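This briefing covers aromatic pairs, the nonpolar core and the pocket of the structure shown below. The notes are grouped by topic for a computational chemist.

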Amino acid sequence: AILAAIISSLIGISLGLVSGYSGGIFDKTLSLVMDSVYSFPGLILAIAFAAMLEPGIISITLAVSVIYIPTYFRLVRGQTLSLKNTEFIEAARACGVDHRAIIRRHIVPNLLGVVMVYVTLTIPQVILVESFLSFLGLGVQEPMSSWGALVNDGAQDMESAPWTLIFPAAFLTVTLYCFNYIGDGM
């Protein structure tokens with residue numbers, strides 16, 4: 001989940017920074033592409049990517065990463081658009097600072113707080129999507145295990161051994177709660 005959040009955030013941040021700062025036709029085209037991807041339901045898109053790739057941890061990480069890239073793109077693009085017209089950016093341009101240095105020294109540091117909060121809130125969403133895909137059999141495969149696969153196994157034996165469902169579901173719930181609590185605290 002952490003790797004998927006990092007991959008999607010790095011790609012979304014990079015594309016959002018370039019798109020928001022440069023503007024013009026590049027911004028409009030990239031925004032249209034991201035809005036098109038964003039218009040698909042994320043879970044269905046993840047199922048489609050997971051079904052196209054071989055089941056495993058790498059494919060599930062890539063499938064889940066793809067569905068969160070447009071969210072990071074929109075977040076960073078919006079922040080960049082609001083920051084690029086501020087007085088301190090105009091002052092940096094007036095002093096002759098090049099565009100890469102403005103992005104690196106002024107825009108990125110002002111984005112980090114918002115992005116870090118969103119990363120911590122994305123991790124539980126990724127865990128939930130991965131668990132659901134593993135529950136369906138599209139995620140992590142044997143001999144590795146996932147909470148979704150454990151819940152699936154427990155659901156099959158629910159009447160004879162209910163603890164095989166209760167414990168994985170409880171640990172999944174507690175983990176999701178803890179990550180949400182951390183993100184809420186940030």
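In this predicted model, Y177 and Y181 are both exposed. The two residues lie 4 residues apart in helix α8 (residues 163-185), which is about one turn of the helix. Their ring centres are 6.0 Å apart and their planes stand at 25°, so the pair counts as stacked, the cut-off being under 30 degrees.

**Aromatic pairs**

- The search of the whole structure finds 2 aromatic pairs.
- Y72 and Y118 form an edge-to-face pair, because their planes meet at 85°, where over 60 degrees is required; the ring centres are 5.2 Å apart.
- Y72 belongs to helix α4 (residues 57-83) and Y118 to helix α6 (residues 99-136), so this pair ties together parts that are 46 residues apart in sequence.
- Y72 is buried, with a relative accessible area of 0%, whereas Y118 is partly exposed, at 24%.

**Nonpolar core**

- The largest nonpolar core holds 31 residues.
- Which of its residues touch the most other members? They are L17, V64, Y68, I107, L111, V129 and L133.
- Two or more residues of this core come from each of α1 (2-22), α3 (42-52), α4, α5 (87-94), α6 and α8.
- Helix α6 gives the largest share of the core, with 11 residues.
- Leaving aside residues up to four places away in sequence, L133 touches A46, I47, A50, I60, V64, L138 and G139.
- V64, one of the residues touched by L133, is itself listed with L133 among the core residues that touch the most other members.
- As general background, nonpolar side chains in soluble globular proteins tend to be buried together.

**Largest pocket**

- The volume of the largest pocket is about 200 Å³.
- Its lining consists of 14 residues, of which A1, I57, V126, I127 and E130 are the closest to the pocket centre.
- Helices α4 and α6 each supply at least two residues of this lining.
- How many of the lining residues are nonpolar, polar and charged? The lining divides into 9 nonpolar, 4 polar and 1 charged.

**Elements that recur across topics**

- Helix α4 carries Y72 of the edge-to-face pair, gives two or more residues to the largest core and supplies at least two residues of the pocket lining.
- Helix α6 carries Y118, gives 11 residues to the core and likewise supplies at least two lining residues.
- Helix α8 holds both Y177 and Y181 and also gives two or more residues to the core.

Key
Residues numbered from 1 in each chain as written. Predicted model: local features only at pLDDT ≥ 70, side-chain atom pairs only at ≥ 80, totals over all residues. Heavy atoms only, no water. Phe/Tyr/Trp six-rings, centres within 6.5 Å; stacked < 30°, edge-to-face > 60°. Buried < 20%, exposed > 50% of the residue type's maximum accessible area, 1.4 Å probe, protein only. Core = buried A, V, L, I, M, F, W, Y, C linked by side-chain atoms within 4.5 Å. Contact = heavy atoms within 4.5 Å. 1 Å grid on protein atoms, 1.4 Å probe; cavity = no way out; pocket = protein on both sides within 12 Å on 5 of 7 lines; lining within 4 Å. Points joined across faces, edges and corners; volume = space filled by probe spheres on them. Nonpolar A, V, L, I, M, F, W, Y, C, P; charged D, E, K, R; others polar.
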